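I opened this one to see how the ligand is held and how the strands are arranged. Here are my notes, in the order I looked things up.

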Amino acid sequence: MEAVVAAKPVIKVAALCGSLRKGSYNRGLIRTALEISKESINGIQMEYIDISPLPMLNTDLETDGKFSPVVEAFRQKILESDSILFASPEYNYSVTAPLKNAIDWASRPPNVWGDKAAAIISAGGGFGGARSHYHLRQIGIYLDLHFINKPEFYLNAFQPPAKFDSDGNLIDPSSKEKIKEVLLSLQAFSLRLKVKSK
Ligand SMILES: Cc1cc2nc3c(=O)[nH]c(=O)nc-3n(C[C@H](O)[C@H](O)[C@H](O)COP(=O)(O)O)c2cc1C
């Protein structure tokens, strides 16, 4: 007799980059995450969501709880996802302004971040952006975003040997392996949250 194995539900992940720079290393981390989720993990459907078209938050741009089409489209993408992958440098020890702006837009009532799982990966200077992780986790408290605790991923982008090529693509095999571990942890946690919410 054939064993019946229940299929794992597919987890929809929205990947956001906190840097608007064309050659962003953090967007390079997202390209790696997209590649890994397509090629070596079953059950993750990841989409990169560009935050650069969002206007600076101004509640005058809301009319009767309605948002501009660009903001509405972004909020809808977040709403439809099960989990969020944040890839961002730190600016002055904290979350970047573009990322905070995107977070704030999607937090306007009704908050669309609630009850989602999330993970942070970062590339930056000395500490690889790690200090901003704790600010982002703190912001997540009010939004009801649930971050995986481990593994943590932060990469010093400037320390030799080179971790990125001249287009901002990650070329370091051990970092790729660590990103895969983050994605597996995010997937497992998202599945636990999904089961609990049923
Ligand atoms: C306004 C600003 C502030 C920065 N502050 C920090 C910082 O506090 N810590 C750090 O590691 N790097 C800092 N950096 C350097 C960035 O981490 C570095 O430029 C990184 O490559 C940016 O990520 P990206 O390649 O994805 O754009 C700062 C850069 C800018 C533009």
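Entry 1, the ligand. I began with the backbone: an N or O atom of the N92 main chain lies 2.8 Å from a nitrogen atom of the ligand. I count that as a polar contact, meaning a pair of N or O atoms within 3.5 Å; within protein, one must be able to donate a hydrogen and the other to accept it, and residues adjacent in sequence count only if both atoms are side-chain atoms. For Y93, I found a backbone N or O atom 2.8 Å from an oxygen atom of the ligand. N26 uses its side chain instead, with a polar atom 2.7 Å from a ligand oxygen. Taken alone the ligand exposes 630 Å², and the protein buries 72% of that (Shrake-Rupley areas with a 1.4 Å probe).

A note on the source: this is a predicted model, where local features need pLDDT of at least 70 and side-chain atom pairs count only at pLDDT 80 or more, while totals for chains, interfaces and linings use all residues. Residues are numbered from 1 along each chain as its sequence is written, and side-chain values use heavy atoms, leaving out hydrogens and water.

Entry 2, the shell. Which residues come nearest to the ligand? Of the 15 around it, they are S19, R21, S24, N26 and E90 (near: a heavy atom within 4 Å). By class I have 5 nonpolar, 7 polar and 3 charged residues, with Gly counted as polar.

Entry 3, strand β4. I checked residues 117-124 and found 8 of 8 buried (under 20% relative accessible area, 1.4 Å probe, protein chains only). A117, A119, I121 and A123 point one way, A118, I120, S122 and G124 the other. That fits the general pattern: in a regular strand the side chains alternate between the two faces of the sheet.

Entry 4, partners of β4. Strands pair if DSSP finds at least two bridges between them.
- β3 (residues 83-87) pairs with β4 in the parallel sense over 5 bridges, and S83 has A117 as its bridge partner.
- From β3 the chain crosses through helix α3 (residues 97-107) to β4, in a right-handed β-α-β crossover.
- β5 (residues 146-147) runs parallel to β4, joined by 2 bridges; A118 is partnered by F147.
- β6 (residues 153-156) is also parallel to β4, with 4 bridges; S122 is partnered by Y154.

Entry 5, N156. Is this β6 residue buried or exposed? N156 counts as buried because its relative accessibility is 18%. A polar side-chain atom of N156 lies 2.8 Å from the backbone nitrogen of F158 and one lies 3.1 Å from that of Q159.

Key: Buried < 20%, exposed > 50% of the residue type's maximum accessible area, 1.4 Å probe, protein only. Right-handed = clockwise from strand over helix to strand, strands pointing away.
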